[in-house]
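Work through the exercises below with the sequence and the structure at hand. Each task is followed by a solution in steps.

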Amino acid sequence: MTIALGTEAPLFDLPGVDGRNHSLDDYAESDALVLIQSCNHCPYVQAWEGRMIELQRELGDRGVRIVAVNSNDADSHPEDSFEEMRARAEREGFNFDYLHDEPQTVARQLGAERTPEVFVFDRDRRLRYHGAIDDSRDEDGVSQRYLRDALEAVLAGRDPDVTETQAVGCTVKWK
Amino acid sequence: MRIEILHWEGCPSTPEAVELLETVLAERGLLEPIELHEVTTQEEAERLRFPGSPTIRIEGRDVDPTGAQGRPSLTCRIYNLPDGRVSPVPSRQQLEEALR
């Protein structure tokens with residue numbers, strides 16, 4: 001079951017495509033931390049990736065860190081292996097950390113079900129928004145920018161107007 | 001004309017694919033029924049050469065012959081659109097070409 005609003009971010013220490021391990025403490029200076037359950041193979045993830053890059057570019061200087069986490073079983077979906085993650089991050093020019101949750105611990109702790117699925121944690125690392133990035137896979141059809149609005153609220157120290165939406169995407173591929 | 005949609009419940013794009021296909025069929029005056037077949041196991045995916053959900057076949061021919069060559073798997077299928085974007089459903093253009 002997905003974690004409830006107000007829940008603390010899970011502790012983690014996972015390898016990233018940059019060749020380093022990244023833990024929750026590494027982001028201690030950030031005013032907002034966005035964990036996105038993600039992967040390589042899913043067309044929904046691919047459709048939203050550009051917006052993830054854009055958000056990190058626009059809000060990075062204001063203390064926002066986006067961290068994508070791939071927990072998918074690479075045996076059933078070889079496109080989601082760590083090697084393929086590194087290749088995709090380089091090819092697509094990811095400006096956010098992309099971590100490999102091979103034991104699927106973070107996905108289970110978050111209660112994630114879909115890719116992409118967003119979890120926004122505030123300065124105290126409490127969950128303030130959970131769900132979709134926005135309301136349309138097609139960028140031209142977006143009318144509600146849930147993640148951006150939630151981040152603006154968190155950075156301003158207030159509650160987001162919308163705190164939960166339904167993430168639309170592929171299922172997490174459990175072992 | 002036999003029109004099939006092979007789908008897997010783990011991918012949410014089936015209703016959108018059905019709606020798009022129904023629209024394209026109606027515009028062409030085609031009243032053919034759409035056969036929906038749910039793929040539930042990896043073994044079935046391999047037997048049916050199912051590269052992901054949804055897979056649409058017109059008279060047995062995939063509407064995206066290139067993507068049809070993908071590894072059989074219970075997964076969401078990726079369609080490459082003419083404008084370079086990717087989509088979990090085929091483009092209207094792909095469906096129209098497949099129906100010609």
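**Exercise 1: a strand pair**

Task: Which residue of β4(B) stands opposite B:I58?

Solution. In this predicted model, B:R61 of β4(B) is the residue facing B:I58. Next, take the strands: β3 of chain B covers residues 55-58 and pairs with β4(B) through two bridges. The sense of this pairing is antiparallel.

**Exercise 2: the sheet**

Task: In what order do the strands of the open sheet in chain B run, and which strands stand at its edges?

Solution. The open sheet has four strands in the order β2-β1-β3-β4 (chain B), and the pairing is mixed. β2 (34-38) and β4 (61-62) of chain B each have a single partner strand, so each has one side without a neighbour in the sheet. These two strands are therefore the edges.

Now add the helix: α1 of chain B, residues 14-27, lies across β1 (3-7), β2 and β3 of chain B. The angle between α1(B) and β1(B) is about 170°.

**Exercise 3: the whole chain**

Task: How many helices and strands does chain B have, and why is the chain described as being as compact as a globular protein of its length?

Solution. Count the elements: chain B has three helices and six strands. Read from the N terminus, they follow the order β-α-β-α-β-β-β-β-α. The radius of gyration of chain B is 13 Å, close to the 13 Å from the globule rule for 100 residues, so the chain is as compact as a globular protein of that length.

For the extent, the C-alpha atoms of chain B fill a box of roughly 35 × 30 × 20 Å along the principal axes. Of the 100 residues in chain B, 33% count as buried.

Note on methods. Residues are numbered from 1 along each chain as its sequence is written. Chains are lettered from A and ligands numbered from 1 in the order in which they are written. This is a predicted model: local features need pLDDT of at least 70, side-chain atom pairs count only at pLDDT 80 or more; totals for chains, interfaces and linings use all residues. The radius of gyration is taken over C-alpha atoms; the globule rule is 2.2 Å times the number of residues to the power 0.38. A residue is buried if 20 or more other C-beta atoms lie within 10 Å of its own, exposed if 12 or fewer, and partly exposed in between; C-beta atoms are placed from the backbone. Two strands pair if DSSP finds at least two bridges between them. Two residues are in contact if their C-beta atoms, placed from the backbone, lie within 7 Å. Axes are lines fitted to C-alpha atoms, for helices over the stretch in contact, and angles run from 0 to 180 degrees between N-to-C directions.
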